[in-house]
Amino acid sequence: MKHHNIIGLLGMLAILSSCTSSGLAGAPQSSNGKPLLKRSSHASMPTSYKGEGKHVGRTYFHPPGSKTGVQWVDLYEQP
């Protein structure tokens, strides 16, 4: 029974580690020639969103040196 628990735990860790990334490399950077506004769930990423604009997506990341897990950045078009 313990053997199956260990295999399951290792599988889950592999899945979780593949879902996280260390940065925002795949995130779109502009829309209609204007840079996107960002609103982050973590203090390490600056926030430029002021409450206006259309939500265009969300990008997930793992802050370096953080033990809080996966964080995200919401992306908005400039009004």
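Is N32 buried or exposed? In this predicted model, N32 counts as exposed because its relative accessibility is 72%, and the cut-off for that class is over 50%. The residue is found in the loop between strand 1 (30-31) and strand 2 (34-35). Its C-alpha lies 8.5 Å from that of E77, although N32 and E77 are 45 residues apart in sequence.

From here the description turns to strand 5. This strand covers residues 71-76. Five of its six residues are buried, so strand 5 is largely enclosed by the rest of the structure.

Two other strands pair with strand 5. Strand 3 does so in the antiparallel sense, over four bridges. Within strand 5, D74 is the residue that stands opposite R39. Strand 4 also runs antiparallel to strand 5, and six bridges join these two. On the strand 5 side, Y76 is the bridge partner of H55.

Y76 has a further role in the description, as a member of an aromatic pair. The structure holds one such pair. It is stacked, because the ring centres of Y49 and Y76 are 3.8 Å apart and the ring planes meet at 20°, with under 30 degrees as the limit for stacking. The pair links distant parts of the chain: Y49 sits in the loop between strand 3 (37-40) and strand 4 (55-61), Y76 belongs to strand 5, and 27 residues separate them. Both Y49 and Y76 are buried.

Q71 also lies in strand 5. Its relative accessible area is 10%, so Q71 is buried; the class requires a value under 20%. The side chain of Q71 makes a polar contact with the side chain of S41, at 2.9 Å.

How does W72 count in terms of accessibility, and at what value? W72 is placed in strand 5 as well, but it counts as partly exposed because its relative accessibility is 31%. Together with Y60 and V70, W72 forms a nonpolar patch on the surface. The accessible area of Y60, V70 and W72 together is about 270 Å².

Taken residue by residue, strand 5 thus offers several points to inspect in the structure above. Q71 is buried and contacts S41 through its side chain. W72 is partly exposed and contributes to the nonpolar patch. D74 faces R39, while Y76 is bridged to H55 and stacked with Y49.

Note on methods. Residues are numbered from 1 along each chain as its sequence is written. This is a predicted model: local features need pLDDT of at least 70, side-chain atom pairs count only at pLDDT 80 or more; totals for chains, interfaces and linings use all residues. Side-chain values use heavy atoms; hydrogens and water are left out. Patches are made of residues with over 30% relative accessible area and no salt bridge: like charges are joined within 9 Å, nonpolar side chains (Val, Leu, Ile, Met, Phe, Trp, Tyr) within 5 Å. Accessible areas come from the Shrake-Rupley method with a 1.4 Å probe; for residues, only the protein chains shown count as cover. A salt bridge is a side-chain nitrogen of Lys or Arg within 4 Å of a carboxyl oxygen of Asp or Glu. Buried means under 20% relative accessible area, exposed over 50%, partly exposed in between (1.4 Å probe, protein chains only). Rings of Phe, Tyr and Trp (its six-membered ring) pair if their centres lie within 6.5 Å; planes under 30 degrees apart count as stacked, over 60 as edge-to-face and the rest as tilted. Two strands pair if DSSP finds at least two bridges between them. A polar contact is a pair of N or O atoms within 3.5 Å; within protein, one must be able to donate a hydrogen and the other to accept it, and residues adjacent in sequence count only if both atoms are side-chain atoms.
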